[in-house]
Amino acid sequence: MTDAATTGLARRIIPCLDVRDGQVVKGVQFRDHRVMGEIVGLAQRYSAEGADELVFYDITASPEGRSVDHDWVRRVAEVIDIPFCVAGGIRSVDEARTILQAGADKISVNTPAVRNPDLVNALADAFGSQCVVVGIDSIVQDGAWTTRQMTGNPDAMEHTGLETLDWIGQVVERGAGEIVLNCMGSDGTRDGYDLQQLTAARAVCAVPLIASGGAGEARHFTDVFAAADVDGALAATVFHSGALPIAQLKSTLADAGVSVRPC
Amino acid sequence: MSLAIIDSGGANIASVRFALNRLGMESTFTADRAVIERADRVILPGVGAAGAAMRQLRKHGLVDCIRGLTQPVLGICLGMQLLFEASDEGDVRCLGLIPGRLRRFDGAPGLRVPHMGWNHTRQTRDDPLCAGLRATPWFYFVHSYHAPVGEHTLAACRHGQAFSAMVQQGNFRGAQFHPERSAADGARVLKNFLELS
């Protein structure tokens, strides 16, 4: 890591709140969701505890053909003082504008970008790349990392025919300002991030890259920052369950020489 | 006290208004010259590109209005950049209130552009805008162009090269970061701005 010499940027710790029907839920390997808590309360808790950013991912949005409910976006924006990103079925510039106007800092597109890659260009043109995150659900198939869409609903989940590393290059070229790579093979397992895949993604990704899927303990965060040089690490269960308080995680990271924002 | 937020065309104004609300301050989002001139405090926000924002200001006849303001003015993110003479982003002439030109960050391995995330700043001179901040405050940044460090710099930050994180020239001040999204340190900067005499 070259943090100290060249930039003072901190590595970001990002709790992800999967939202379904106005509640925060979490599944194991994208299935069997159970309710973890109420949106605004959890957002406030993480903001106060030292999270650097929050991602709200409406996992039911795309499969049911609807966009996110904007009311909770505004309620979250009113109470928290850290940046947050909203994902879930955003299919147009107008839908993205509504969410940004409600107070979100970024919007993230996944399935709609796969179906209509020009959406990434349109969003970047309208709001600037810094607002545009592309989420990618990736899993090994026939020896290659490939992407999935409609991952919020196991019955609707589909192959995309896209190789993950090619897709990263394409969306960055189109104006994505950040990539969140959900490694589906490790999601919910608490066995650690997919260091091999994230390292490969890092090599082709010139914009900020966020690791997702597999965090179970502090060491997994230290490992992913050291091995894959990611800009941030996203996790859900390990934070929602209280297993790993953010202050404790940041203290461990600082001791390991990772640049973090003190809580 | 009244506070006007200038409509410079960006989408994300809500978070600035909510942050002010948390400090007990109401605000008016406006492109009306008379409202801006009458306000006790003026915030120039900005999300998007320098060229689009300057076109919006010109369209509403606000360039001379802003240049002539005498009350405390705070530019945030792109709004701070607009206080400078010019930007390489589209080769745009800006408000010219602070000398210098915005340059794009040079990307490199380990140096991603945009400069996005939490970074710490180093105060370079005293100003009420920085009052009460901890020795090494942390702020949330999102930008691809950076302002030079000079006499106007209140606090500097580093991403490959040093750049201005907070600036002041007369009644005009600016923050390159988003104070509305920078937790307690950011709230302190906004509070300091409201309390300027």
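I will talk through a sheet in chain B, a pair of helices in chain A, and the contact between the two chains, and please keep in mind that this is a predicted model.

Let me begin with the sheet. Chain B has an open sheet of 8 strands with mixed pairing, and if you follow the strands across it, their order reads 2-1-3-4-14-13-12-9. At the edges are strand 2 (28–30) and strand 9 (122–123) of chain B, each of which pairs on one side only. As a general reminder, strands of a sheet pair through backbone hydrogen bonds, and they may do so either parallel or antiparallel. In chain B, strand 1 (residues 3–6) and strand 3 (residues 41–44) run parallel and are joined by 3 bridges, and within this part of the sheet Ile5(B) has Ile43(B) in strand 3 as its bridge partner.

Now to the helices of chain A. Helix 8 (residues 195–204) and helix 9 (residues 218–228) of chain A pack at an angle of about 40°, with 9 Å between their axes, and their crossing is right-handed. On the helix 8 side the contact is made by Leu195(A), Leu198(A), Thr199(A) and Arg202(A), while helix 9 brings Asp223(A), Val224(A), Ala227(A) and Ala228(A). Sorted by type, the residues of this contact are 5 nonpolar, 1 polar and 2 charged.

Finally, where do the chains meet? The contact takes 31 residues from chain A and 30 residues from chain B. On the chain B side, the elements that each supply at least two residues include helix 1 (14–22), strand 10 (138–143) and helix 6 (183–194), but the largest share, 5 residues, comes from strand 8 of chain B. That side of chain B divides into 16 nonpolar, 11 polar and 3 charged residues.

How values were computed. Residues numbered from 1 in each chain as written. Chains lettered and ligands numbered in written order. Predicted model: local features only at pLDDT ≥ 70, side-chain atom pairs only at ≥ 80, totals over all residues. Contact = placed C-beta atoms within 7 Å. Helix = DSSP H or I, 4+ residues; strand = E, 2+ residues; numbered from the N terminus. Nonpolar A, V, L, I, M, F, W, Y, C, P; charged D, E, K, R; others polar. Pairing = 2+ DSSP bridges. Axes fitted to C-alpha atoms, helices over the stretch in contact; angles between N-to-C directions. Left-handed = near helix turned anticlockwise from the far one by under 90°.
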